[in-house]
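Me: Please take a close look at one part of this model, the aromatic residues and their surroundings, and set out the geometry in a connected account.

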Amino acid sequence: MAKLNKEYIALLSENNNPSTNFWKLKKRIRQDVKSPGVAIDIRRSDFFVEILSLMNAGVINREDLADFSKEVTNWIDQILEWND
């Protein structure tokens, strides 16, 4: 989120008409809200798919899963090996 905030500030600071910057920001936020790194609704049945989605989007990495159970991390490792 900190990265997005910096990008939003840069967008608002562009040397354009302030209303143009506002509408560009609004459009960007609408797009970003759909990103799994911003907001995500996870159901238990979709847990593994969502974890992989977050990893593929670059939101999390393997090290971020250190506090997860061995079962989860082993499953993720197997999937990642299959994708290599």
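Reply: F47 has a relative accessibility of 22% and therefore counts as partly exposed, since buried would require a value under 20%. The model is a predicted one. The partner of F47 to be considered here is F68: the centres of the two rings are 6.0 Å apart and the planes stand at 35°, so this pair is classed as tilted. The two residues come from separate parts of the chain, F47 from helix α3 and F68 from the loop between α3 and α4; the pair therefore ties together parts 21 residues apart in sequence. F68 is likewise partly exposed, with a relative accessible area of 32%.

The pair belongs to a wider arrangement, as ring pairs link F47, F48, F68 and W75 into a cluster. W75 also appears among the contacts of L52: leaving aside residues up to four places away in sequence, L52 touches W75, I76, I79 and L80.

L52 leads on to the nonpolar core. The largest such core has nine residues, namely I51, L52, L54, M55, I60, L65, V72, I76 and I79. Helices α3 (47–56) and α4 (70–83) each supply at least two of its residues, and the largest share, four residues, comes from α3. In soluble globular proteins, nonpolar side chains tend to be buried together.

A search of the whole structure finds four aromatic pairs. One of them joins F22 and W23, whose ring centres lie 4.8 Å apart with the planes at 80°, so the pair is edge-to-face. F22 is partly exposed, at a relative accessible area of 43%.

The setting of this second pair is helix α2, which comprises the 16 residues 18–33. At 1.5 Å a residue, α2 should span 22 Å, and its end C-alpha atoms are 22 Å apart, so expectation and model agree. The buried residues of α2 are N21, L25 and D32. Viewed down the helix axis, these residues fall within an arc of 35°, so they line one face of α2. That buried set packs against α1 (2–12), whereas W23, K27 and R30 are exposed on the other side of α2. At the start of the helix, a side-chain oxygen of N17 comes to within 2.8 Å of the backbone nitrogen of S19.

Methods: Residues numbered from 1 in each chain as written. Predicted model: local features only at pLDDT ≥ 70, side-chain atom pairs only at ≥ 80, totals over all residues. Heavy atoms only, no water. Core = buried A, V, L, I, M, F, W, Y, C linked by side-chain atoms within 4.5 Å. Buried < 20%, exposed > 50% of the residue type's maximum accessible area, 1.4 Å probe, protein only. Contact = heavy atoms within 4.5 Å. Phe/Tyr/Trp six-rings, centres within 6.5 Å; stacked < 30°, edge-to-face > 60°. Expected span 1.5 Å × (residues − 1). Arc of directions from axis to C-beta. Polar contact = N/O pair within 3.5 Å; in protein donor to acceptor, adjacent residues only side chain to side chain.
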